[in-house]
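Work through the exercises below with the structure open. Try each task before reading its solution.

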Amino acid sequence: MLDINNLVQWQLKSPNGHVYPWWTHDFLTCIEKWDLSDKVALEWGGGWSSIWLASRARRVFTIETNEKWIKDIQEYADSYNMKNLELIYRPCNEGDQSKIEYYTELPQDCSPDIVCVDGVLRLECIKKAMSLGRPIFLIVDNWQQSYVFMCPEAEEILKPFKSLVFEQKDHTDNDGINKWKTALFYLE
């Protein structure tokens, strides 16, 4: 089960008792101010963000490749009686086109206002998000971050959209240039 007492250096506990998503601290300050009560969120890659979003949004759909992680998230959500979180296990092989399409397929009845990309196949998930109805907010964690997600194609296709990039300046697991960033794009 997810252990709220076993937090790593970069995770923060939210005032509502849940752990904040593992996003940069300045982005957390930004999104904490949003009223998500009527919003639907779709995540590719789940975890504390699934719980935090479910505690604030009308509905959350989380697609995850790690079956154990899904079970841990579900157990934690059940302990708080969260009924608005739908966890979807979708294993995928990054080289298999049919698995890519399966992984990025929208869940039934999911029409998101917010899309979070923080799992595998990030470029493919970004492309899928761009094909959705508008407007939506697109959150991409580890944006152009060394050792995690460096993708010139993603940068190019998102260039036309309004964006804010929140860098964790004191993050040390990087090459000194491409630090941990959470990017927010407004697709209208």
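**Exercise 1: Backbone outliers**

At 7% relative accessibility, glutamine 144 counts as buried, since buried means under 20% relative accessible area, exposed over 50% and partly exposed in between (1.4 Å probe, protein chains only). The model is predicted: local features need pLDDT of at least 70, side-chain atom pairs count only at pLDDT 80 or more, and totals for chains, interfaces and linings use all residues. Residues are numbered from 1 along each chain as its sequence is written, and side-chain values use heavy atoms, with hydrogens and water left out.

Task: Place glutamine 144 in the chain and give its phi.

Solution.
- Step 1. Glutamine 144 sits in the loop between E5 and H6. Helices (H or I, at least four residues) and strands (E, at least two) are DSSP runs, numbered from the N terminus.
- Step 2. Its phi is near 45 degrees, a positive value in a residue other than glycine.
- Step 3. Set this against the general rule: most residues other than glycine have a negative phi, and most peptide bonds are trans.

Task: Is tyrosine 147 buried or exposed?

Solution.
- Step 1. Tyrosine 147 lies in the loop between E5 and H6. Its phi is positive, about 75 degrees, although it is not a glycine.
- Step 2. With 62% relative accessibility, tyrosine 147 counts as exposed.

Task: Which residues does the cis peptide bond join?

Solution.
- Step 1. Arginine 134 and proline 135 are joined by a cis peptide bond, with omega about 0 degrees.
- Step 2. Proline 135 belongs to the loop between H5 and E5.

**Exercise 2: A helix pair**

Task: Describe how H4 crosses H5.

Solution.
- Step 1. The axes of H4 (residues 97-104) and H5 (residues 122-130) come within 10 Å and cross at roughly 55 degrees. Axes are lines fitted to C-alpha atoms, for helices over the stretch in contact, and angles run from 0 to 180 degrees between N-to-C directions.
- Step 2. H4 is therefore oblique to H5 (under 35 degrees is roughly parallel, over 145 roughly antiparallel, 65 to 115 roughly perpendicular, the rest oblique).
- Step 3. Ile100, Tyr103 and Thr104 in H4 meet Glu124, Cys125 and Lys128 in H5; contact means heavy atoms within 4.5 Å.

**Exercise 3: The core**

Task: Which residues touch the most other members of the largest nonpolar core?

Solution.
- Step 1. A nonpolar core is a set of buried Ala, Val, Leu, Ile, Met, Phe, Trp, Tyr and Cys residues joined through side-chain atoms within 4.5 Å.
- Step 2. Among the 29 residues of the largest one, the answer is Val115, Ile126, Leu138 and Trp143.
- Step 3. H5 gives the largest share of this core, four residues.
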